[in-house]
Amino acid sequence: MRRLFGTDGVRGKAGTYPLDHETVARLGAALVRAMRAESGGGRALRFIIGRDTRESGDWIERELGRGVHAEGAAITTAGVIPTPATAYVTRAMSFDAGLVISASHNPFEDNGIKVFSGRGEKFTEAVEQQVEAIIDDASWQVPAGGLPPVDRTDVVDAYIAHTRLAFPNPGRLGRFHIAIDTANGATTTVAPRLFKELGYDVTVIGDEPDGRNINLNCGSTHPERLAALVKADGFRMGVAFDGDGDRAIFIDHEGRVVDGDAVMLMCARHMKEQGRLSGNAIVATVMSNIGLEIALRESGIELVRCPVGDKYVMEEMIKRGLSMGGEQSGHIIFSDHLFTGDGIATALNVLRVLADTGRELADLASQLVSYPQVLVNVRVRERKELKSIPAIADAMQRIEERLAGQGRLLVRYSGTEPLLRVMIEGRDQQEIQAWAREIADTVKQSLG
């Protein structure tokens with residue numbers, strides 16, 4: 001059976017497998033079939049769909065609609081909205097599933113499809129495998145024909161009202177001077193309006209999407225322009241969202257980048273002080289810096305590690321009944337808001353910490369002492385079990401012995417690209433850079 005789903009849904013180049021026209025339509029139909037089987041049938045299923053600003057989003061939406069309609073289900077589009085908005089309205093408006101068309105922080109040529117259950121949670125791997133098995137069955141086809149019209153609805157008001165609950169009494173910060181970068185993506189329809197409605201002095205960049213400039217030298221993966229703006233013009237804070245709005249990276253008033261680890265630390269400590277941190281623990285992936293683990297331990301907060309991907313963070317949070325988790329990249333989940341990452345809600349939670357403590361972002365972020373970290377990506381032609389390749393296994397063992405408990409080595413395949421990621425944390429930057437290159441060079445010889 002061919003795998004379609006990676007760590008964050010189905011991803012690829014728009015127009016080529018698995019995002020060619022026919023496979024997209026089959027995916028829409030297979031989702032209906034899988035969910036009908038799970039629910040026992042008997043009633044018409046209802047889907048809602050949201051997308052980012054990529055030029056391919058429109059036709060992918062129509063092809064999904066063709067597949068869904070062919071199986072007798074109804075589909076409604078919310079147009080361009082952030083991923084978490086789709087997750088929220090799926091649950092709040094009692095849809096059976098929410099579909100998001102986005103490739104997050106990737107360039108415009110890429111796209112993707114991810115699915116939220118009626119509870120507003122990302123689909124589990126078990127359901128994804130059911131869908132893959134149905135698509136793999138060659139005995140059925142989606143009928144050819146014209147693409148059916150998709151009903152439209154406006155959900156922005158409902159999403160903004162819900163998201164604002166994350167920050168009670170925002171007026172406490174006065175006429176807060178904030179700059180935001182909406183990555184020419186999905187948050188362009190929501191974030192500028194929301195922050196202005198809080199009464200803040202807002203400057204927006206990355207808010208002129210043309211279908212091809214999403215994430216292009218802007219947003220959470222390219223915060224340099226926002227950082228320069230914040231420092232030059234005296235903003236108290238900057239927020240950079242990614243293309244689909246499920247993550248945020250912050251800029252302090254000195255123009256320094258504040259990542260997800262620092263955000264998780266300040267929010268976890270604050271939530272614990274207020275009695276809002278269930279289980280006195282948070283979830284973070286294996287990519288989070290060892291400095292976060294040490295700082296949380298000093299505050300009596302446990303760090304639970306999970307694989308990379310916010311769906312794994314979500315699953316661990318649900319299993320343990322925890323209220324917060326996230327990734328260094330800025331995907332942060334607050335379970336009292338949603339069980340998926342939400343960049344705008346994360347920004348409101350950071351503003352709440354500032355308002356409640358009277359401290360500036362730079363001061364709060366300085367609580368995290370990060371160990372030097374090196375991340376090297378190696379393009380690979382195939383994926384093999386690394387321990388089965390003696391040269392790579394030996395190189396990894398040598399580095400583990402050199403770290404001797406004073407750092408971490410993590411080597412893993414990307415869930416969305418043909419890459420092997422080598423991450424090392426340790427006390428000395430130059431030393432760990434050399435060690436990362438040693439492993440990367442060995443991988444290139446064996447798998448490059």
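A residue counts as partly exposed when its relative accessible area lies between the limits for buried, under 20%, and exposed, over 50%. The structure described here is a predicted model. Within those limits, R193, at 35% relative accessibility, is partly exposed. D157 falls in the same class, because its relative accessible area is 47%. These two residues form a salt bridge in which the closest N and O atoms are 2.6 Å apart. The pair links distant parts of the chain, with D157 in helix α5 (residues 156-163) and R193 in helix α6 (residues 191-197), 36 residues apart.

The structure holds 36 salt bridges in total. Side chains of opposite charge can pair when their charged atoms come close. One of the bridges joins K114 to D244, with 2.9 Å between the closest N and O atoms. K114 is part of strand β6 (residues 110-117), whereas D244 belongs to the loop between β10 (237-241) and β11 (248-251), so this bridge ties together parts that are 130 residues apart in sequence. K114 has a relative accessible area of 3% and is therefore buried. D244 is likewise buried, with a relative accessible area of 1%. Both residues also belong to a network of salt bridges that links D8, R11, K114, D244 and D246.

A further salt bridge is formed between the side chains of R305 and E293, at 2.8 Å from N to O. R305 is located in strand β14 (residues 302-306) and E293 in helix α9 (residues 290-298), so the parts that this pair ties together are 12 residues apart in sequence. R305 is partly exposed, at 24% relative accessibility. For E293 the relative accessibility is 24%, and this residue too counts as partly exposed.

Turning to the nonpolar interior, the largest nonpolar core comprises 63 residues. Within this core, F195, M237 and F250 touch the most other members. When residues up to four places away in sequence are not counted, M237 touches F176, H177, I178, A179, V230, F250, I251, V350, L351, L354 and L361. A second core, separate from the largest one, contains 35 residues, among them V24, A29, L99 and V115.

Two helix pairs were examined for their packing. Helix α13 (residues 390-403) and helix α14 (residues 429-447) have axes that come within 9 Å and cross at roughly 170°. Because angles over 145 degrees count as roughly antiparallel, α13 is roughly antiparallel to α14. On the α13 side, the contact is made by A391, I392, A395, M396, R398, I399, R402 and L403. The α14 side contributes W435, E438, I439, T442, V443, S446 and L447. By class, the residues of this contact between α13 and α14 comprise 10 nonpolar, two polar and three charged.

In the second pair, α3 and α5 pack with their axes 10 Å apart and at an angle of about 95°. This angle makes α3 roughly perpendicular to α5. The residues that meet are P84, A85, Y88 and R91 in α3 and A158, Y159 and H162 in α5. Five of the residues in the contact of α3 with α5 are nonpolar, one is polar and one is charged.

Three features of the backbone concern loops. Most residues other than glycine have a negative phi, and most peptide bonds are trans. Y17 and P18 are joined by a cis peptide bond, for which omega is about 5°. P18 is placed in the loop between β2 (9-13) and α1 (21-39). S94, a residue other than glycine, has a positive phi near 60°. The loop that holds S94 runs between α3 (83-92) and β5 (97-101). S94 is exposed, because its relative accessible area is 54%. N217 is also a residue other than glycine with a positive phi, in this case near 55°. N217 is found in the loop between β9 (201-205) and α7 (224-233). With a relative accessible area of 56%, N217 is exposed.

Technical notes. Residues numbered from 1 in each chain as written. Predicted model: local features only at pLDDT ≥ 70, side-chain atom pairs only at ≥ 80, totals over all residues. Heavy atoms only, no water. Core = buried A, V, L, I, M, F, W, Y, C linked by side-chain atoms within 4.5 Å. Buried < 20%, exposed > 50% of the residue type's maximum accessible area, 1.4 Å probe, protein only. Contact = heavy atoms within 4.5 Å. Axes fitted to C-alpha atoms, helices over the stretch in contact; angles between N-to-C directions. Helix = DSSP H or I, 4+ residues; strand = E, 2+ residues; numbered from the N terminus. Parallel < 35°, antiparallel > 145°, perpendicular 65-115°, else oblique. Nonpolar A, V, L, I, M, F, W, Y, C, P; charged D, E, K, R; others polar. Salt bridge = Lys/Arg side-chain N within 4 Å of Asp/Glu carboxyl O.
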